[in-house]
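Grab a coffee and work through these exercises with the model open beside you. Try each task yourself before reading the solution.

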Amino acid sequence: QMDSDNKSSPFLPSGSRAWMSLKWKVVVGCTLVAMCIAGAAVGGAMAVRDERKRQQGDKAPENIKGKSGDIMNKKAHGTCLGAVQLPLRWNCDWDKADEISCFNRHWAERAGYWQTTQFFVEEGMDTKIKSGTTIFYDSVTSEPLFQAPVGRSWENFVEESLHHGWPSFRDEEVLSKRVRVLEDGETVSVDGTHLGHNLPDSKGNRYCINLVSVAGFAPNTPEGNKAQLAINWNITKN
């Protein structure tokens, strides 16, 4: 009769090589099963993520859909035609702007960063200081990319953008000549500046954009004119 504390098999003596081999096989087998389950879970999560990104790209209007290989290839300065201009509008951080705009495809300025700039001081929060729309220019090329508000109030634009943490534009506010949405929803300028991502919601497409990427000065200003003169336009402009 076996002792009640003896956990070995009645057929394999405890401590024997055969018993230790069996225990090892059980441990390895359980580990492999756990790894397979974890791998399937990770694979499933990645598939869901990839499908979500595909939908973000697919939902963009046809006239602004673009292909990554045609736009985001290596250029003079990362994916950009040159470094971001200095200074930037609204006193945006140059280092942050250059990194996010030209050497990055996935990351963003931190949520709420745009509130720490001079944006609301110059443009207004509860009430728009200047009449008409505010135009947002490429931080590298000074080309116009977005304008707001269009089809809504300034207060609505600000409220939605504050809620999400980044300036958020709708289809009507995209200047389609120079903005493209890639296959995975990444939103860029036609000149290779990373801007943000298309994150559709129940209201339609919502372009979640880094302020540092659209903080260029207008081309008819001294700062904007200087930035445009520094660019080799033969690469992309038509």
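**Exercise 1: A turn between two strands**

Task: find the hairpin formed by β5 and β6, and say how many residues sit between the strands and what phi Gly192 takes.

Solution. Start at the turn: β5 and β6 make a hairpin with 4 residues between them, and Gly192 in that turn has a positive phi of about 95°. Keep in mind that you're looking at a predicted model. Now step out of the turn into the strands. β5 and β6 are antiparallel and pair over 3 bridges. Thr187 sits opposite Gly196 in β6, while Glu186 has His197 of β6 as its bridge partner.

**Exercise 2: The other side of β5**

Task: work out how β4 and β5 pair, and over how many bridges.

Solution. Begin with the pairing itself: β4 and β5 (residues 186-189) run antiparallel, with 3 bridges between them. Next, pick out the partners. Val179 faces Ser189 in β5, and Arg180 has Val188 of β5 as its bridge partner. Then look at the connection. The β4 and β5 hairpin also has its count of residues between the strands, 4, and Gly185 there takes a positive phi near 90°.

Finish with the side chains of β5. Glu186 and Val188 point one way, Thr187 and Ser189 point the other way, and all of them are buried.

**Exercise 3: Put the sheet together**

Task: give the strand order of the open sheet of 5 strands, then name its edge strands.

Solution. First, lay the strands side by side: the order is β3-β7-β6-β5-β4, and the pairing is antiparallel. Second, look for strands that pair on one side only: these are β3 (168-169) and β4, the edges. Third, check the β6 and β7 step, which is antiparallel over 3 bridges. Asn198 stands opposite Tyr207 of β7 there.

Now zoom out to the whole chain. The protein has 6 helices and 7 strands. Read from the N terminus, they go α-α-α-α-β-β-α-β-β-β-β-β-α.

**Exercise 4: The largest pocket**

Task: say which residues lie nearest the centre of the largest pocket, and which element supplies the largest share of its lining.

Solution. Take the volume to begin with: about 290 Å³. The lining has 17 residues, and those nearest the centre are His106, Ala108, Gly196, His197 and Leu199. Elements giving two or more residues to this lining are α1 (17-58), β6 (194-198) and β7. The largest share is from β6, with 3 residues.

So how enclosed is β6? Of its 5 residues, 5 are buried, so β6 is largely enclosed by the rest of the structure.

**Exercise 5: Two residues, buried or exposed?**

Task: decide whether Gln56 is buried or exposed, and do the same for Ile64.

Solution. The cut-off you need is that buried means under 20% relative accessible area. Gln56, which belongs to helix α1, has a relative accessible area of 10%, so Gln56 is buried. For its surroundings, skip the neighbours within four places in sequence: Gln56 then contacts Val181, Asp184, Gly185, Asn198, Leu199 and Pro200.

Ile64 lies in the loop between α1 and α2 (68-71). At 3% relative accessibility, Ile64 is buried as well. Leaving out residues up to four places away in sequence, Ile64 touches Val174, Ser176, Val179, Arg180, Val181 and Tyr207. To see how the chain comes back on itself, take Ile64 and Leu182: they are 118 residues apart along the chain, and their C-alpha atoms are separated by 8.6 Å.

**Exercise 6: The core and the whole protein**

Task: name the residues that touch the most other members of the largest nonpolar core.

Solution. The core counts 36 residues, and Phe136, Phe146 and Tyr207 touch the most other members. Elements that give two or more residues to this core are α3 (94-102), α4 (119-123), β2 (144-148), α5 (154-164), β4 (179-181) and β7 (207-209). In soluble globular proteins, nonpolar side chains tend to be buried together.

Last, the overall numbers. Buried residues account for 44% of the 238 in the protein. The exposed area is about 13000 Å², with carbon and sulfur atoms supplying 57% of it. Among contacts between residues at least 6 apart in sequence, 63% join residues at least 24 apart.

Key:
Residues numbered from 1 in each chain as written. Predicted model: local features only at pLDDT ≥ 70, side-chain atom pairs only at ≥ 80, totals over all residues. Heavy atoms only, no water. Core = buried A, V, L, I, M, F, W, Y, C linked by side-chain atoms within 4.5 Å. Buried < 20%, exposed > 50% of the residue type's maximum accessible area, 1.4 Å probe, protein only. Contact = heavy atoms within 4.5 Å. Areas by Shrake-Rupley, 256 points an atom, 1.4 Å probe, with all protein chains shown as cover. Pairing = 2+ DSSP bridges. 1 Å grid on protein atoms, 1.4 Å probe; cavity = no way out; pocket = protein on both sides within 12 Å on 5 of 7 lines; lining within 4 Å. Points joined across faces, edges and corners; volume = space filled by probe spheres on them.
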